[in-house]
Amino acid sequence: MSIRRRVILITDGDEYAKRAIEHVARDVGGQCITQSQGNPSVLTGAELVKLIIKAEKEPVLIMFDDSGLVGEGAGEKALKYVATHKDVEVLGIIAVAAKTHQAEWTRIDVSIDRDGELTPYGVDKHGIPELEIGRLNGDTVYCLDELDVPIIVGIGDVGKMARRDHYERGAPITKKAVELILERSGFRDERERTSMADT
């Protein structure tokens, strides 16, 4: 029986996102699949699962991006494949806001605004809270409602938000979203118990 790899999915894949997510992955002791970067996504879901299984650390952070394509693009197809694969356990999804040309949106459990505050409202790409509770507009979020995942956290544009999430500042908004997912999923408690047992 194979051990399921624990992952966090992020619906953004440009260069700013990659740098921010790489930084956060190191900070939390996980691993970013840098090959998942792309605007739009380049690798298929099957290719990504192979890389996830080879990852040396957990959680594994993976990027998906449709680059504003209407409907289900390459990023969403890959995301659905990964999220439903038998060898993958999704701890949570970071849904990234975008200024979309069409009405693609997803439900969210909570958002983190550009000031690092938790809010029940969706946020825009700048990390500013919007008017609707539990809903976020983005360009790689159309399929998220179909997935059975523990938590979906909404944030603004990864690595940006008027430089408040820049990787040189430690990408604090993205990091807080990842830490929230690790906390809510029980991953952090499990890791701490394991490290205490090893000492």
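Helix H1 runs over 13 residues and reaches 19 Å from its first C-alpha to its last, close to the 18 Å expected at 1.5 Å a residue. Keep in mind as you look around that this is a predicted model.

**Helix H1 and its surroundings**

At the start of H1, aspartate 14 offers a side-chain oxygen that comes to within 3.2 Å of the backbone nitrogen of tyrosine 16. Past the other end of the helix comes glycine 29, with a positive phi near 80°. The buried residues in between are Ala17, Lys18, Ala20, Ile21, Glu22, Val24 and Ala25; note that Lys18 and Glu22 are among them. This buried set packs against strand S1, strand S2 (31-32), strand S3 and helix H4.

**Helix H4**

How well does the span of H4 agree with its 14 residues? At 1.5 Å a residue they should cover 20 Å, and the end C-alpha atoms are indeed 20 Å apart, so the two values agree. Buried positions in H4 are Ile173, Thr174, Ala177, Val178, Leu180, Ile181 and Leu182. As with H1, a glycine comes next: glycine 186 follows H4 and has a positive phi, near 85°.

Here are the two glycines side by side:

| Helix | Glycine that follows | Phi |
|---|---|---|
| H1 | glycine 29 | positive, near 80° |
| H4 | glycine 186 | positive, near 85° |

**Two nonpolar cores**

In soluble globular proteins, nonpolar side chains tend to be buried together. In this model the largest nonpolar core holds 29 residues, and Ile8, Ile94, Val153 and Ile155 have the most contacts inside it. Two or more residues each are given by S1 (5-10), H1 (15-27), S3 (60-63), S4 (88-96), S6 (110-112), S11 (152-155) and H4 (172-185). Which element supplies the largest share of this core? That is H4, with six residues.

Isoleucine 94 is a good place to see these pieces meet. Setting aside neighbours within four places in sequence, its contacts are Ile8, Leu9, Ile10, Thr11, Val153, Ile155, Thr174, Ala177, Val178 and Ile181. A second core, separate from the one above, has 28 residues, including Ala95, Val123, Val141 and Leu147.

**Helix H2**

Which residues of H2 (residues 45-54) are buried? They are Gly45, Leu48, Val49 and Ile52. Because these residues cover an arc of only 105° around the axis, they lie on the same side of H2. Their cover includes S1, S3, helix H3 (74-83) and S4. On the face turned away from the buried side, you will find the exposed residues Lys50 and Lys54.

**Valine 110 and threonine 119**

Valine 110 belongs to strand S6. Is this residue buried or exposed? With a relative accessibility of 9%, valine 110 counts as buried, because the cut-off for that is under 20%. Apart from residues within four places in sequence, valine 110 is in contact with Leu118, Thr119, Ile151, Ile152, Val153, Gly154 and Leu180. By contrast, look at threonine 140: it is 30 residues away from valine 110 along the chain, and their C-alpha atoms are separated by 18 Å.

One of the contacts of valine 110, threonine 119, lies in strand S7 (residues 118-119). Threonine 119 is buried too, with a relative accessible area of 9%. Not counting residues up to four places away in sequence, threonine 119 touches Val110 and Ser111. Its side chain also reaches the backbone nitrogen of tyrosine 121, at 3.1 Å.

Notes:
Residues numbered from 1 in each chain as written. Predicted model: local features only at pLDDT ≥ 70, side-chain atom pairs only at ≥ 80, totals over all residues. Heavy atoms only, no water. Core = buried A, V, L, I, M, F, W, Y, C linked by side-chain atoms within 4.5 Å. Buried < 20%, exposed > 50% of the residue type's maximum accessible area, 1.4 Å probe, protein only. Helix = DSSP H or I, 4+ residues; strand = E, 2+ residues; numbered from the N terminus. Contact = heavy atoms within 4.5 Å. Polar contact = N/O pair within 3.5 Å; in protein donor to acceptor, adjacent residues only side chain to side chain. Expected span 1.5 Å × (residues − 1). Arc of directions from axis to C-beta.
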